[in-house]
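Here are some notes for a colleague who is opening this entry for the first time. They are set out as numbered points, to be read with the structure in view.

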Amino acid sequence: MKDYKSTVISVSKIGTDGVEITLQIPDAPEVLGGQFAMLKVPRADLILRRALGIATAEGEVMSFICQIKGEGTIALSLLNAGEDVYVT
């Protein structure tokens, strides 16, 4: 599987424990909402990627919605626009 370097466009809170993460993924493969991607959390102590469902996909822009549950999703929810994330 190919690892795609992506850039965070935005991270938006949804309710009390949800988040929408929108990424720009150059050269991204064609995908559909409902498929899954693995996001690498940009912290050295969190080695496991997080499987997130693709909420929307239009060209190079994909959005993921997840519930903030543990260390990995907390770290993803704290990303800022312009940061890099790797997606498989």
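1. The radius of gyration is taken here over C-alpha atoms, and the globule rule is 2.2 Å times the number of residues to the power 0.38. With 88 residues, the rule puts a compact globule near 12 Å, and the protein chain has 12 Å, which agrees. Please keep in mind throughout that this is a predicted model.

2. On overall extent, the C-alpha atoms of the protein chain fill a box of roughly 30 × 30 × 25 Å along the principal axes. The accessible surface of the protein chain comes to about 5200 Å², and carbon and sulfur atoms account for 54% of that surface. Of the 88 residues in the protein chain, 32% are buried.

3. The secondary structure consists of one helix and six strands, and from the N terminus on the elements follow the order β-β-β-β-β-α-β. Among contacts between residues at least 6 apart in sequence, 58% join residues at least 24 apart.

4. How do the strands come together, and in what order? Six strands close into a barrel in the order β1-β2-β5-β4-β3-β6, with antiparallel pairing. Neighbouring strands of this sheet are turned by 45 degrees against each other on average, with direction ignored. As background, strands of a sheet pair through backbone hydrogen bonds, either parallel or antiparallel.

5. The pairing of β1 with β2 can be followed residue by residue, since seven bridges join these two antiparallel strands. Lys-13 stands opposite Val-19 in β2, while Ile-14 has Gly-18 in β2 as its bridge partner. The two strands form a hairpin with three residues between them, and Gly-15 in the turn has a positive phi of about 65 degrees.

6. β2 is also joined to β5 by seven bridges, and these two strands run antiparallel. Here Val-19 stands opposite Cys-66 in β5, having Lys-13 opposite it in the pairing of β1 with β2. Is β2 enclosed or open to the outside? Five of its seven residues are buried, so β2 is largely enclosed by the rest of the structure.

7. Further along the barrel, four bridges join β4 to β5, which run antiparallel, and the bridge partner of Glu-58 in β5 is Val-61. β4 and β5 form a hairpin with two residues between them, where Gly-59 in the turn has a positive phi of about 65 degrees. Four bridges likewise join β3 to β4, which run antiparallel, and in that pairing Ala-37 stands opposite Leu-52 in β4.

8. Which residues of the largest nonpolar core touch the most other members? The core has 21 residues, and those that touch the most other members are Leu-23, Leu-39, Phe-64, Leu-76 and Val-87. The elements giving two or more residues to this core are β1 (4–14), β2 (18–24), β3 (36–40), β4 (50–58), β5 (61–67), α1 (71–77) and β6 (84–87).

9. Leu-23 is a convenient residue from which to inspect this core, being listed among those that touch the most other members. Leaving aside neighbours within four places in sequence, Leu-23 is in contact with Ser-6, Thr-7, Val-8, Ile-9, Leu-39, Glu-60, Val-61, Met-62, Phe-64 and Val-87. Among these contacts, Leu-39, Phe-64 and Val-87 are themselves listed with Leu-23 as touching the most other members of the core.

Technical notes:
Residues numbered from 1 in each chain as written. Predicted model: local features only at pLDDT ≥ 70, side-chain atom pairs only at ≥ 80, totals over all residues. Heavy atoms only, no water. Core = buried A, V, L, I, M, F, W, Y, C linked by side-chain atoms within 4.5 Å. Buried < 20%, exposed > 50% of the residue type's maximum accessible area, 1.4 Å probe, protein only. Contact = heavy atoms within 4.5 Å. Pairing = 2+ DSSP bridges. Axes fitted to C-alpha atoms, helices over the stretch in contact; angles between N-to-C directions. Areas by Shrake-Rupley, 256 points an atom, 1.4 Å probe, with all protein chains shown as cover.
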